[in-house]
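Trainee: I would like to go through this model with you. Could we begin with the backbone and then turn to the interior?

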Amino acid sequence: MMDFQTLFEQNIEIITIAVYGTAIALIVIGLYAVLMKKHLVKIVIGLSIMDAGIHLLFVAVGYISGGTAPIFSPGSENAATTMVDPVPQALVLTAIVIGFAVTALALSLVIRLYKHHHTANIDQLNSLKW
Amino acid sequence: MLKKLIVFLLIATLGYTLAVTLSSIPIGKNRIGSIENPETVAAYYLDKSPNDLKVANTITAVVVNFRGFDTLGEVSVLFLAATGLASILYRKEEEEEEENIRHISHRLNLPSSSLVQTGAKILFPLIIVLGIYVFIHGHLTPGGGFQGGAIIATGFLLMLVSYKGFETNHKVMVWLESLAGLGFVGVGVFGLVKYGSFLQNTGWTGNLNDLISGGLIPLIYIFVGIKVATELTNILDILLNIKPRKK
């Protein structure tokens, strides 16, 4: 039975491609949804998908092979050398909350627009076009 | 057609740039350096958090202490989002569009089954207790004010979808939210008056892994937890009750 660290280091190329590839794919899919979709709710979902990709990227960059969560438990007060980077995790905590606020506000605007125009399709919301 | 082409080019450029940049950042490599003689921010945090602040959860120390001002701004952003949501969705009773309201209230008026109602009644206090546990132990275990607040809001969401007549007490919610926000700022001003800088932690920190340790950090996270819980509950309440309340 191999432990996780040796398994990680043996397959580092695959893991790199998988993690970074997923993050880039999520960001690109979200941007595609924001730019190409016509339905307002789908655009908001695209923003959330982009958020998820950026969070994954942050946490992946902060990972250290064989590292544990940066929490000191009784009996391992000197375990700081085997811990992952705490800074990206703290920043992702902030980013998740801000992402939630942005999604909630955007959805409320969508609801208001739908009530006013009876449609959520951006092609038909053309009262500001000239 | 041209739009599609431009979007495709933009997305391809972004993906390629990200891939090229990230290929030079190896995953899993130790970039922190030595903890004893910290040269990076991460090493400084990992050194100071258990030794000076006596906070077991380094992320809590970063979020509440080293970047406490940032967290105050974050809580204000959440507050602004809740306020903006309420003001955008607020409408007077006379400007109702009848068909919309009938459509929504028809679905909301369907009672949920007694199985869901009984289960929700049993689960609700347990979820609240779990949320309070998570934000009180934010400096010892994974979690903290934001996570505990979100857990409490899920408990209220369960009650809101199970009982059609369930209403949160708005006065209590507003007071709790305001007092929690004022408490956070008050802790900051306390540090400013007593130690000379905003949100400065006290010199007394206790022992690592004690419930009461880390100076002002647990106090701030309890305020953040209460504030996040009330704000998220307000947002859910507003979104689920688009039908305006009778005054």
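**Backbone and core**

Mentor: A:H118 is found in the segment after α4 (86–117) of chain A; helices are DSSP runs of H or I with at least four residues, numbered from the N terminus. This is a predicted model, in which local features need pLDDT of at least 70 and side-chain atom pairs count only at pLDDT 80 or more, while totals for chains, interfaces and linings use all residues. Residues are numbered from 1 along each chain as written, chains are lettered from A and ligands numbered from 1 in the order written, and side-chain values use heavy atoms, without hydrogens and water.

Trainee: What is the phi of A:H118?

Mentor: Its phi is positive, about 60°, although A:H118 is not a glycine. Most residues other than glycine have a negative phi.

Trainee: How exposed is A:H118?

Mentor: A:H118 is partly exposed, with a relative accessible area of 45%. Buried means under 20%, exposed over 50%, and partly exposed in between, using a 1.4 Å probe and protein chains only.

Trainee: Turning to the interior, which residues have the most contacts inside the largest nonpolar core?

Mentor: They are B:F146 and B:V224, in a core of 60 residues. Helix α2 (residues 12–36) of chain A gives the most to this core, with 7 residues. A nonpolar core is a set of buried Ala, Val, Leu, Ile, Met, Phe, Trp, Tyr and Cys residues joined through side-chain atoms within 4.5 Å.

Trainee: And what does B:F146 touch?

Mentor: Not counting residues up to four places away in sequence, B:F146 touches residues including A:L93, A:V97, B:Y221 and B:V224; contact means heavy atoms within 4.5 Å.

Definitions and conventions: Helix = DSSP H or I, 4+ residues; strand = E, 2+ residues; numbered from the N terminus.
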